[in-house]
Amino acid sequence: MTWVDTYGDYLYSFALARVRNPHAAEDLVQDTLLAALSGQKRFSGRATERSWLTSILKHKVVDWLREKVRNRLKEEPLPDKSVDTMFSRFGKWKSPPEKWCKDDPGREITRNEFQEALTGCLDKLPERLRHAFVLRYVDEQSVHEICQAAGVSAKNLWVMLHRARLRLWRCLTVSWFGEDAEVPQGGEV
Amino acid sequence: VISCRWAAKLITRSLDDVLPFRQRVGLALHELVCSACRRFRRQIAKIDKAAAQLIGEVLMPSRQAALPPETKERIRRLIRARLGHP
């Protein structure tokens, strides 16, 4: 069995979930395996082969996202109507945050459900916001370091992250709060 | 007194950075009297935690994808070439 056969699908799934672009994900897997080939001597055997390959891929995903974010954030972000309209002229919530009735953090299945809902909402984000948001969480550095590495201003990245979070929050409020009218006891969030 | 719009901005910002003292105090005072923003902070914190797990650590659920066969073949060829096998 070769690496491609053993880890190809896993690595591809990992990349695709984060870059959401099949061609880019395929290229990232290819680059990863070729890089691993030349760096094979550095594989210490302490980690499993899969986690070693995943960590190489993760760096490549970060580089890919940085490039996207860098290109997007060369200029100041334009106003985002969808976020601006959440507040009144006086800065009050137009529709204040509602209780998420389905929420019960103690249940494993609920956590998976929440992650499913979050995945769905991530897909609804405009690409530029998704790239910034995913980079923030896939890269293990602080926002200042992320900005330094990507060559963008922290202020601009914060604007994008704020918008991404507000949109995700609203999307989750709809998909998470909605449909189910039965309110579980306790555990208000 | 700060507005909810500004409070929301500080709340999301506080996930990435330590806020300056004055902003921390302003936000705390606002949250003291605004249950909507308190709830917003709890919900945003939940999103932050889930995103960190989902994107930073694990594969996204229901996202098992297969590398297309022709791509696998292409990579195999490249690896063979790199190893000097015909």
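**Figure 1. Burial and helices in chain A of the predicted model.** Of the 189 residues of chain A, 50% count as buried, where buried means under 20% relative accessible area, exposed over 50%, and partly exposed in between (1.4 Å probe, protein chains only). Chain A has eight helices and zero strands; helices (H or I, at least four residues) and strands (E, at least two) are DSSP runs, numbered from the N terminus. Read from the N terminus, the elements of chain A follow the order α-α-α-α-α-α-α-α. Among the contacts in chain A with a separation of 6 or more, 77% join residues 24 or more positions apart; a contact requires heavy atoms within 4.5 Å. This is a predicted model, in which local features need pLDDT of at least 70 and side-chain atom pairs count only at pLDDT 80 or more, whereas totals for chains, interfaces and linings use all residues. Residues are numbered from 1 along each chain as its sequence is written, chains are lettered from A and ligands numbered from 1 in the order in which they are written, and side-chain values use heavy atoms, with hydrogens and water left out.

**Figure 2. Surroundings of A:Val83 in helix 4 of chain A.** Helix 4 of chain A comprises residues 81-84 and contains A:Val83. A:Val83 counts as buried because its relative accessibility is 6%. When residues up to four places away in sequence are not counted, A:Val83 touches A:Arg163, A:Leu166 and A:Arg167. A:Val83 and A:Ser38 are 45 residues apart along the chain, and their C-alpha atoms are separated by 47 Å.

**Figure 3. Surroundings of A:Ala154 in helix 8 of chain A.** A:Ala154 lies in helix 8, which covers residues 154-177 of chain A. With a relative accessible area of 18%, A:Ala154 is buried. Leaving aside neighbours within four places in sequence, A:Ala154 is in contact with A:His144 and A:Cys147. From A:Ala154 to A:Ser38 the separation is 116 residues in sequence and 35 Å in space, C-alpha to C-alpha.

**Figure 4. The two sides of helix 2 of chain B.** Helix 2 of chain B (residues 21-33) has 13 residues and reaches 19 Å from its first C-alpha to its last, close to the 18 Å expected at 1.5 Å a residue; the expected span is 1.5 Å times one less than the number of residues. The buried residues of this helix are B:Gly26, B:Leu27, B:His30 and B:Glu31. They cover an arc of only 130 degrees around the axis and therefore lie on the same side of helix 2 of chain B, the arc being that of the directions from the helix axis to the C-beta atoms. These buried residues pack against helix 1 (4-13) and helix 3 (35-57) of chain B. On the other side of helix 2 of chain B, the residues B:Phe21, B:Arg22, B:Leu29, B:Leu32 and B:Val33 are exposed.

**Figure 5. The interface of chain B and chain A.** Here 47 residues of chain B are in contact with 61 residues of chain A. The buried area, about 5,100 Å², owes 62% to carbon and sulfur atoms; it is the accessible area (1.4 Å probe) that two parts lose on being put together, summed over both. Five salt bridges are found across the interface, each a side-chain nitrogen of Lys or Arg within 4 Å of a carboxyl oxygen of Asp or Glu. The side chains of A:Asp9 and B:Lys72 meet in a salt bridge at 3.1 Å, N to O. Helix 1, helix 3 and helix 4 (69-83) of chain B each supply at least two residues of the side of chain B that touches chain A. The largest share of that side, 17 residues, comes from helix 3 of chain B.
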